[in-house]
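Subject: A structure for you to explore

Hello,

Here is the structure I promised to pass on to you. Please open it beside this email, and then read on for what turned up.

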Amino acid sequence: MLFDNRRKIYMKFKLQAKIKPAGDQPRAIKELVGLIHKNKKYQTLLGVTGSGKTFTVANVIAKIQRPVLVIAHNKTLAAQLVQEFRDFFPKNAVEYFVSYYDYYQPEAYIPTSDTYIEKDASINDEIDRMRGSATSSLVSRRDVIVVCSVSCIYGLGNPINYKQYILKLGAGQIMERDDLAGRLVDIGYSRSEDMKNGTFRLRGLSAEIASPFGEAIYRIDFRDEKIQKIQEFAGVSRDKRVCHENLDIFPARHFVVSPGELERSIPQILKEMRRRVKYFLGKKLYLEAERLERRVTQDMVMLREVGYVSGIENYSRYLTGREPGEAPYTLLDYFGDNFLTVVDESHVTLPQLGGMFEGDYSRKKNLVKYGFRLPSAFDNRPLRFEEFTRKTGQIIFTSATPGQTERKKSVKVVEQIIRPTGLLDPKLIIRKSKNQIKNIVEEIKTMPREERVLITTLTKKMAEELADYLKEKKIKACYLHSGVETLDRIRILNNLRRGKYQVLVGVNLLREGLDLPEVTLVGILDADSEGFLRNETSLIQTMGRAARNVKGRVILYCEKITRSIEAAARETGRRRKKQMMYNKKYGITPKTIKKGVRSIAGKKKKQKNYLPREYQKMTEITDIQRQIKDMEKEMEKAADNLEFERAIAIRDELGILKKISG
């Protein structure tokens with residue numbers, strides 16, 4: 001959305017919840033807040049599954065009143081956390097910031113086979129919109145929670161430039177319509193009659209701007225070289241919402257470079273290219289020298305002509321004015337000072353944060369060595385782990401199974417084992433793996449319809465094949481793994497809860513953090529296959545998916561009891577015993593968690609909503625077909641008169657009408 005930044009918003013975090021802290025939560029909240037006030041850098045919340053770690057963190061946020069960065073290790077878990085925090089803080093800004101790629105093939109070179117792989121990616125516009133919403137909230141208000149994946153440590157545009165390019169408009173301001181159009185182009189907007197997010201169009205003495213971050217259209221009316229009026233309309237229905245005295249228009253993309261910055265950067269890039277070409281020629285590497293000179297020269301021509309080139313991020317060091325080796329700008333730089341970082345499921349997230357830099361460097365090494373990229377491309381990178389810790393302030397690690405890194409760094413590990421609901425860790429059942437598929441099918445067929453099942457396999461292919469097999473057995477099943485697109489994962493999980501599916505089969509996404517209170521059975525296939533997917537931590541996390549239902553149970557299929565199975569069973573038994581003692585002492589009867597189904601993805605709009613308002617009353621197909629013929633004649637007439645904008649607008653409406661008419 002677009003904000004009025006003249007009055008920066010300093011709303012307080014206001015926690016709204018029907019429940020109050022209970023069990024271990026009051027003590028955990030007090031200890032965590034106390035350590036934050038004592039300015040301790042690291043602390044860990046060891047919270048078992050179903051103990052309400054998110055609610056505890058929400059209470060901490062409400063007490064310290066600081067912007068918060070929450071980092072999750074996958075997009076699905078991040079989406080769930082967004083939903084939970086929005087429930088707790090409905091009046092505050094809770095944003096979702098993850099990688100906007102549905103598909104991403106990075107640029108690479110394999111010297112052994114002389115294979116160059118071009119970058120190939122598919123961007124999800126909805127996620128891109130949410131990323132923009134996150135950064136715009138951060139620069140305009142303090143009551144912000146951003147839930148993100150490890151993409152938060154990857155390069156983003158300079159936040160100082162981002163703020164400088166915010167376009168301030170106000171009624172009575174001296175400005176011409178065409179001047180506004182030029183300034184919109186400078187900050188990443190494109191002119192289009194479709195009015196998609198981040199576009200604008202001109203109409204007479206007015207300009208219409210489609211918000212990059214939400215479903216709103218802003219119409220700016222001009223008269224006598226001044227802004228006369230600023231109106232906001234709903235994006236789909238075009239119903240008028242409100243008039244604005246002042247409006248701030250945020251850049252449509254994070255990476256905004258002015259013509260002056262381009263002119264300053266291009267000579268520096270060419271200077272590095274000549275130096276590198278000279279190096280290759282000195283080594284008699286003529287192919288590499290020719291390849292690099294051709295590519296960089298072509299890129300600079302494109303930058304001068306259109307201000308953008310595919311792979312522009314590889315020149316980001318120059319375009320953002322950084323020194324060699326200097327850390328890139330990332331989402332963390334948009335927070336400013338004095339913010340809290342929460343690393344969720346830290347036993348998985350921390351290794352990801354620590355490993356991103358080396359993986360990126362390893363891939364780029366060959367690109368630079370063989371003349372596909374300049375050495376400065378190394379500075380288009382994720383943060384090193386030490387840079388991440390330097391850019392963040394105080395950090396809370398949360399996990400049911402914290403690793404050695406968290407334990408060593410933390411001044412204290414705060415335990416939260418008692419669940420306010422009285423729920424126990426699920427019962428463990430160990431069975432032979434010989435007939436595991438047949439057995440799990442029999443279990444599912446005896447279960448009530450309202451109960452749900454999670455099954456974990458060792459590979460994606462196994463998950464897909466098992467889901468297909470269950471469908472053949474008339475069981476409503478679906479698979480979930482990293483190959484499923486981000487927003488589709490969220491919809492699959494919500495469909496499981498709603499009952500469209502009874503069984504979900506997965507590999508690694510069915511472990512940490514998923515809040516599915518309808519799940520009563522977790523089946524772990526090949527539980528004795530020692531390794532990352534079946535170690536003690538993984539087993540405890542997977543078992544925890546059945547810890548939110550009073551009927552929760554876990555079946556481990558194995559031929560032998562491994563050390564991981566034994567350790568996981570021992571820890572689960574310890575927690576069950578402690579919870580039972582607490583329940584007995586306070587007379588608590590365990591109850592299944594009740595939770596509504598919500599989604600950050602929103603509902604898909606029906607096609608009929610896109611029919612222009614003046615045609616919505618047409619119910620007869622003949623009426624629509626008659627209108628199509630009239631509009632085709634009008635479009636041809638506009639084209640003959642060289643009124644191309646009008647012809648394009650008519651063409652777009654014709655497309656909608658033709659779809660409806662079949």
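Searching the whole structure turns up two cavities of 30 Å³ or more. Please keep in mind that this is a predicted model. The largest cavity has a volume of about 60 Å³. You can find it by selecting the residues that line it: Gly157, Asn158, Asn161, Tyr162, His254, Phe255, Val256, Val257, Leu319 and Thr320. If you wonder how such spaces are found, rolling a probe the size of a water molecule over the atoms shows where empty space is left.

Next come the pockets. How much space lies in the second largest pocket? The volume there is about 1200 Å³. Its lining is made up of 42 residues, and those nearest the centre of the pocket are Glu84, Phe88, Asp515, Ile593 and Lys595. Helix 2 (53-64), helix 3 (75-88) and helix 15 (486-498) are the elements that give two or more residues to this lining. Which of the elements gives the most to the lining? That is helix 3, with nine residues.

Now to the strands. Strands of a sheet pair through backbone hydrogen bonds, either parallel or antiparallel. One open sheet here has six strands in the order 10-11-12-13-14-15, and its pairing is mixed. Strand 10 (190-191) and strand 15 (240-244) are at the edges; each has a single partner strand, so one side of each is left without a neighbour in the sheet. Helix 6 (residues 177-186) packs on this sheet and touches strand 11, strand 12 and strand 13 (216-223). The direction of helix 6 makes about 165 degrees with that of strand 11. Strand 11 (residues 199-203) and strand 12 (residues 206-210) run antiparallel and are joined by four bridges. To see the pairing on screen, look at Phe200, which stands opposite Ile209 in strand 12.

Strand 23 (residues 503-506) is a good place to look at parallel pairing. Four bridges link it in the parallel sense to strand 21 (residues 452-456), and four bridges also join it to strand 22 (residues 477-480), again running parallel. Within these pairs, Thr456 stands opposite Gly506, while Cys478 has Leu504 as its bridge partner. In a regular strand the side chains alternate between the two faces of the sheet. In strand 23, Val503 and Val505 point one way, Leu504 and Gly506 point the other way, and all are buried.

The cysteines are worth a look too. How many disulfides does a search of the whole structure find? The search finds zero. Cys152 is in no disulfide, and its nearest cysteine sulfur, that of Cys148, is 3.7 Å away. A disulfide would need the two sulfur atoms to be within 2.5 Å. Are Cys152 and Cys243 buried or partly exposed? Cys152 counts as buried because its relative accessibility is 0%, whereas Cys243, at 42%, counts as partly exposed.

One last residue to find is Ser538, which lies in helix 16 (residues 536-543). Ser538 has a relative accessibility of 1%, so it counts as buried. Ser538 and Asn508 are 30 residues apart along the chain, and their C-alpha atoms are separated by 8.9 Å.

Enjoy exploring, and write back with any questions.

Best wishes

Technical notes:
Residues numbered from 1 in each chain as written. Predicted model: local features only at pLDDT ≥ 70, side-chain atom pairs only at ≥ 80, totals over all residues. Heavy atoms only, no water. Pairing = 2+ DSSP bridges. Contact = heavy atoms within 4.5 Å. Axes fitted to C-alpha atoms, helices over the stretch in contact; angles between N-to-C directions. Buried < 20%, exposed > 50% of the residue type's maximum accessible area, 1.4 Å probe, protein only. 1 Å grid on protein atoms, 1.4 Å probe; cavity = no way out; pocket = protein on both sides within 12 Å on 5 of 7 lines; lining within 4 Å. Points joined across faces, edges and corners; volume = space filled by probe spheres on them.
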